[in-house]
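Thank you all for making time this morning. I would like to walk you through one model, taking it piece by piece, and I will start with a helix before turning to the sheet.

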Amino acid sequence: MTTATATTSPTVKATISKYLPWAIALAVMFAILFAMSWDSRQTEAVGAATVRAAAPLLLGALCGLIGERSGIINIGIEGQILLSAYCGFMVSSLSADASLPTVISLILGVVGGVAASALVGFFMAWCAVSLKMDQIIAGTVVNIFALGFTSYAYVQGRTQPRYPNWTVPGLSELPFVGDVLFNHGPLTYLAFFCVVGVHIALFRTTWGLRTRAIGEHPGAADTVGVDVARMRYKNMIIAGAMAGLAGMLLIQSASAFSRNMSNGKGFIALAVMLFGRYRPLGVLGAALLLGFFTALQSQLQFNQAFDIPPQFFGMIPFLLTIAVLAVAGLAARPPAAAGSPYEKE
Amino acid sequence: MLTRSRLLAILVALTLVAAACGSDDGGSAGGNLEKDGDCASEDYYCVGLVTDVGKVDDKSFNQSAWEGLQDSEADYVEFIETQDSKDYANNIQGFLDQGFDAIVTVGFSLGEATGIAAAENPDVDFIGVDQFQGEAIANVAGLIFPENKAGFMAGALAGLMTESNVIGAVLGTDLVPPVVAFKEGYEKGALYTNADATFVSTYHPGGLDVAFGDPDWGATTARQAIGNGADVIFGAGGATGNGALAEVAKDEGVVFCIGVDTDQWETVPEAHPCLITSAMKLIDAGVVDLVAEAKAGSMTSGNFVGDVGLADYHDFEDVIPDDVKDEMEKIIAGVLDDSIDASI
């Protein structure tokens, strides 16, 4: 958990602000889970739903994070998620029609969905890097296109094979954590591996150092021989793949495509990225917190504990995000070069 | 620079084309009958259908209303899909401008726009699906359903089929009264057949614009309900409910699910492993009846109460014990003739 930041010398204040979202998330979650622990079945159900609801937000936020760390603001995550869900679903569905084995058609679906979203990532890099277009407009174009295209092309009545649940042998037998962490669909595990992977890659590898450099000061990176344009292309494709996985998570969950099924998750992912302060582990905490509130509001309704409108709980994660971002001195600082195309001097 | 701006222009144009495919002034329109007359003329009867924010192939109430309209006596039918709740009035106006004789608006949320359009166009008949009429307007028929009765039947079956005595429901939103009626009826029905039943029911926490289009939430919540011990789950809320059904289906036959609005055996094939029945509103039949009345110039104004019922058991015909089927037959008859009180 201790990572040295490359840009600022770690002061006490910086350390506090770095881990504050995590601290809040964990404190709130434990307090409520503790209060509910008189019924372990409920606690487990909430925990499992938390993990599951967090996963797509996590991947969506990673997509935004990699882009922004490389200097490209991506508000097209929503469109990427929707498009990959559609393409992945269609590939799985068509390959199942061609009587390929279930596993193969599922894998092909994931590949198809991820490829579609990665392609959109490439397109956005082209807009941002080669055309030096306004990145917000590029993202908006992607969102409008994805909704229009998938709504138009979607044919009702198609089905695809269901994703299996993978229970991890041994670990899933553990009390509490077994059901919460080790009884999910394969892509859910992959989402959490991605966070750890991106964290290590971003802070421990040459790729990560260069990525952060082109996001903070592309001129300096260029001076020492980093190909800024090429790197931004590459990173937007990787980021697109992350959003693609998020889309496939929706298919894993719902077993079928439905129109506009991303339902704003791409935008919530942006809030998660901000809440997580552009750090993969921060994003993990923020996504878990949002997932937890989703699960908690369902559980409170299950228990008929309070007569509070469900919409009130739907609002809590956003209030929290605003609150955390508004706390003086804690506003997330985006990478310095995010949003501006790099002009060679 | 010229090339770049040209590329940009092409790009924007492409996007507009793609967007236009999905939306045409706030909705995409379509019809499937040959239009061989003029809607503005008196002897050519045209009926338009405005969907709620949802699609005409939503496998649920929009689709059911559209199917009813296609079966109706109208000479020409056409639909427009609403993309945004701000476009209700515009979409209705689109049909009015073409001289349509009657307009079907689908969904509780269109009630206000329908009332306003009806007041301004006294010559056009309006059929409002799921729109309860507080005060009767001469040219508006509100096609309403006793959802509590349909829910009661579904709940009664759930109460008989549960072993854990924990019964779940994953619902659209409590902002829409029919959804609330389904839930309350469902719980009352379950208690009628199973006094020990407890409930884990939840509404989507979002607003009207998202509550019916979130299958991922529906699925996650259904799993959470199963984690709470539920072994029968009622999914009622468009794509959100369908997500719940698909999730329950992953537990092949261990947990049962119940669909809503139409026979979802036909519309949500993913749910086949768990779908024991659906709580149906016979929207299509109601639309056929009302369009026939409207065409004859004698449309009911105020509320028109349509029929409800339970769908076939399909593959679960052999799973559901005979005594349960007999009991259900009595309950359904009793609920329909009001000898069993399903009121909420």
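How many residues does helix H11 of chain B have, and how far does it reach from its first C-alpha to its last? Please keep in mind that we are looking at a predicted model. Helix H11(B), which covers residues 283-295, has 13 residues and reaches 18 Å, and that is close to the 18 Å expected at 1.5 Å a residue. If you look along this helix for buried positions, you will find Ile283(B), Asp284(B), Gly286(B) and Val287(B) among them, and further on also Asp289(B), Leu290(B), Val291(B) and Ala294(B). Just after H11(B) comes Gly297(B), whose phi is positive, at about 80 degrees.

Let me now move to the sheet in chain B. It is an open sheet built from six strands, in the order E8-E7-E9-E10-E11-E13, and the pairing within it is mixed. At the edges we find E8(B) and E13(B), the latter spanning 308-310, and each of these pairs on one side only. On average, and ignoring direction, neighbouring strands of this sheet are turned by 15 degrees against each other.

Which helices pack on this sheet? One of them is H5(B), residues 147-161, which touches E7, E9, E10, E11 and E13 of chain B, and whose direction makes about 165 degrees with that of E11(B). Another is H9(B), residues 238-249, which touches E7, E9, E10 and E11 of chain B, its direction making about 155 degrees with that of E9(B).

Within the sheet, E10(B), residues 256-261, and E11(B), residues 275-281, run parallel and are joined by five bridges; Ile258(B), for instance, has Thr277(B) in E11(B) as its bridge partner.

Why do I describe the edge strand E8(B) as largely enclosed by the rest of the structure? The reason is burial, because five of the six residues of this strand, which runs from 198 to 203, are buried. Its pairing with E7(B), residues 166-171, is in the parallel sense and extends over six bridges, and in this pairing Gly168(B) stands opposite Val200(B). Between the two strands the chain crosses from E7(B) through helix H6(B), residues 177-193, to E8(B), in a β-α-β crossover that is right-handed.

Finally, a word on chain A, which has 13 helices and two strands. Of its 345 residues, 55% count as buried, and, of the contacts in chain A with a separation of 6 or more, 78% come from residues 24 or more positions apart.

Technical notes
Residues numbered from 1 in each chain as written. Chains lettered and ligands numbered in written order. Predicted model: local features only at pLDDT ≥ 70, side-chain atom pairs only at ≥ 80, totals over all residues. Helix = DSSP H or I, 4+ residues; strand = E, 2+ residues; numbered from the N terminus. Expected span 1.5 Å × (residues − 1). Buried ≥ 20, exposed ≤ 12 C-beta atoms within 10 Å, placed from the backbone. Contact = placed C-beta atoms within 7 Å. Pairing = 2+ DSSP bridges. Right-handed = clockwise from strand over helix to strand, strands pointing away. Axes fitted to C-alpha atoms, helices over the stretch in contact; angles between N-to-C directions.
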